[in-house]
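Welcome, and thanks for taking a look at this one. Here is a short briefing to read beside the structure.

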Amino acid sequence: MLAKEDDPDDGYYLAKVIATKADNHFVLKWVNYPNLMEFTRHRLALGLLHPGTPTKGR
């Protein structure tokens, strides 16, 4: 999963889904920054990766 950062000038970064909410929001955690807190994003602020895309080492 790719999630958009809070700053509109930033891009999308790898995140993993922790939970889903009923209001089209997802609870996420940054893949490369596991010590940062969980955050939520609306489904329209997320991007999907092709299932065959390697995510290790990114």
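Lys29 is buried (under 20% relative accessible area, 1.4 Å probe, protein chains only), yet Lys29 has no salt bridge, meaning a side-chain nitrogen of Lys or Arg within 4 Å of a carboxyl oxygen of Asp or Glu. The nearest side chain of opposite charge (Lys and Arg count as positive, Asp and Glu as negative; His and the chain ends are not counted) is Glu38, 5.6 Å away. This is a predicted model, in which local features need pLDDT of at least 70 and side-chain atom pairs pLDDT 80 or more, while totals for chains, interfaces and linings use all residues. Residues are numbered from 1 along each chain, and side-chain values use heavy atoms, without hydrogens or water.

**Around Lys29**
- Lys29 sits in strand β3, residues 25-30 (strands are DSSP runs of E, at least two residues, numbered from the N terminus).
- A polar atom of its side chain lies 2.9 Å from the backbone oxygen of Pro34.
- Beyond four places in sequence, Lys29 has contacts (heavy atoms within 4.5 Å) that include Ala15, Pro34 and Glu38.

**The sheet**
- Five strands form an open sheet in the order β4-β3-β2-β1-β5, with antiparallel pairing (at least two DSSP bridges between two strands).
- β4 and β5 (46-47) stand at the edges with a single partner strand each, so one side of each lacks a neighbour in the sheet.
- Four bridges join β3 to β4, with Leu28 partnered by Phe39.
- β2 (residues 12-20) pairs with β3 over five bridges, and Val17 has Leu28 as its bridge partner.

Technical notes: Buried < 20%, exposed > 50% of the residue type's maximum accessible area, 1.4 Å probe, protein only. Polar contact = N/O pair within 3.5 Å; in protein donor to acceptor, adjacent residues only side chain to side chain.
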